[in-house]
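Work through the exercises below with the structure in view, and try each task before reading its solution.

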Amino acid sequence: MEVLLGNGIFNVDGELWRKQRKTASFEFASRNLRDFSTIVFKEYSLKLSAILSQASFKNQEVDMQELLMRMTLDSICKVGFGVEIGTLAPNLPENRFARAFDTANIIVTLRFIDPLWKIKKVLNIGSEVLLDQSMRIIDDFTYSVIRRRKAEIEEARKNPKNEKIKHDILSRFIELGENPETSLTDKSLRDVVLNFVIAGRDTTATTLSWAIYMIMTHAHVAEKLYSELKTFEQDRANEENVSLLQYDIEDPELFNQRATQFAGLLTYESLGRLYYLHAVVTETLRLYPAVPQDPKGILEDDVLPDGTKVKAGGMVTYVPYSMGRMEYNWGPDAASFKPERWLKEGFFQNASPFKFTAFQAGPRICLGKDSAYLQMKMALAILCRFYKFSLVPGHPVKYRMMTILSMAHGLKLTVARRS
Ligand code: HEM
């Protein structure tokens, strides 16, 4: 994976990992990044809502997984390096960076099962040529953003009065790297940014796709969620002293205005009160963990706590997909989608990360978990409050066998507006 991930957090161990983990944990805990992400996630969820509204008026089918991939790519590029790449526009434009990024991601992953990839690389043929071309596009784009950000930060420093504080992860890493001891080269900055894009994009989009699939195939869940969101909306409107816009679902303009008004009531804190929604997302990840299996190399001979001997040079894989479905862990109804299992007297109850392993556990537990929940809850709150989804008859929902558990043929659905 070196060509794509370099020395980024995913791809390194030891000191290189420890340093990045420390800086990134600090950043992820910052209020600035959280507030900036909340604004970005809201803006892009509303863009998605506008596209769905248009599709519903025109009775068009949409591929929800594709739209969600566009939404999360735009969001992570904005949060990660402060750039608007605009793939979630109504005409669904092509974007060179986005295409190259998808191509490189697929080819690098397929190297795991293609014994000939090294030969192809040496001879510069087949998929390795395409990978090379894609990496050039990705690197050109990323390095040009890094240079631009550095110049902006330099310029702002000359004019302290005009200093616009940038909240994207890249700007923060550039600033943190100004201490000569921790100074980061452009290559290290490139690795940091691309690792975050990889970490935060497909994982969130596929989880949202599975969540919508679960919601539309479990009518009682859709209704419970809708009812939680309606109550929330009224409570928040009362708290903020705003009167909710009266609207007719046949009026596109008013309908979109109303969705925007609802989004205005969604804050980081208030999203924390949507326990049923939180349970729906978590139950989705139990059955459809975005990282379904997570292999690790063995450095030294060792004995696992249950007595299993493992040998240096081999591999151990923990499998969140299986662990999420074991009756031993979840009881006899382990195979059923039941968000209620996460609630006690209406409040969300977390499980140990060693039991619910979708985000890993221990020192390398996912750093973006809270950010992912923030984005997923923001998007689902708006979508499930204003739309009802139906699967296009006959559309096959099948697994795609890649590192991330996505749907092989996308998620084709029709959309109806809700009052
Ligand atoms: C549903 C969404 C997500 C899931 C299921 C998920 C899952 C995971 C898993 C399983 C790992 C461990 C990988 C390993 O063993 O090396 C991981 C690591 C990581 N995740 Fe996430 N992730 C999600 C979203 C995000 C987002 C949105 C971000 C950031 C914007 C993010 C940032 C990271 C980072 C930086 C690591 C590496 C941590 C380390 O190696 O120390 N993740 N994630």
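Rings of Phe, Tyr and Trp, the last by its six-membered ring, pair if their centres lie within 6.5 Å, and planes under 30 degrees apart count as stacked. The model to be examined is a predicted one.

**Exercise 1.** Find how many aromatic pairs the whole structure holds, and classify the pair of F28 and F196.

Solution. A search of the whole structure gives 23 aromatic pairs. For F28 and F196 the ring centres are 5.5 Å apart and the planes stand at 20°, so this pair is stacked. Next, place the two residues: F28 belongs to helix α2 (residues 14-28) and F196 to helix α9 (residues 186-200), so the pair ties together parts 168 residues apart in sequence.

**Exercise 2.** Describe how helix α10 and helix α14 cross, and which residues meet there.

Solution. Begin with the axes of α10 (residues 202-217) and α14 (residues 275-287), which come within 9 Å and cross at roughly 105°. Angles of 65 to 115 degrees count as roughly perpendicular, and therefore α10 is roughly perpendicular to α14. Then list the contacts: T207, W210, A211, M214 and I215 of α10 meet V280, T284 and L285 of α14. Sorted by class, this contact has six nonpolar residues, two polar ones and no charged ones.

**Exercise 3.** Identify which protein atom is the donor to the iron atom of the ligand, and where its residue lies.

Solution. The single donor from the protein is SG of C366, 2.3 Å away from the iron. In the chain, C366 sits in the loop between β7 (347-348) and α17 (369-386).

Conventions: Residues are numbered from 1 along each chain as its sequence is written. This is a predicted model: local features need pLDDT of at least 70, side-chain atom pairs count only at pLDDT 80 or more; totals for chains, interfaces and linings use all residues. Side-chain values use heavy atoms; hydrogens and water are left out. Donors are N, O and S atoms within 2.8 Å of the metal (3.2 Å for Na, K and Ca); water is not among the atoms, so sites may look incomplete. Helices (H or I, at least four residues) and strands (E, at least two) are DSSP runs, numbered from the N terminus. Axes are lines fitted to C-alpha atoms, for helices over the stretch in contact, and angles run from 0 to 180 degrees between N-to-C directions. Angles under 35 degrees count as roughly parallel, over 145 as roughly antiparallel, 65 to 115 as roughly perpendicular and the rest as oblique. Contact means heavy atoms within 4.5 Å. Ala, Val, Leu, Ile, Met, Phe, Trp, Tyr, Cys and Pro count as nonpolar, Asp, Glu, Lys and Arg as charged, and the others, Gly among them, as polar. Rings of Phe, Tyr and Trp (its six-membered ring) pair if their centres lie within 6.5 Å; planes under 30 degrees apart count as stacked, over 60 as edge-to-face and the rest as tilted.
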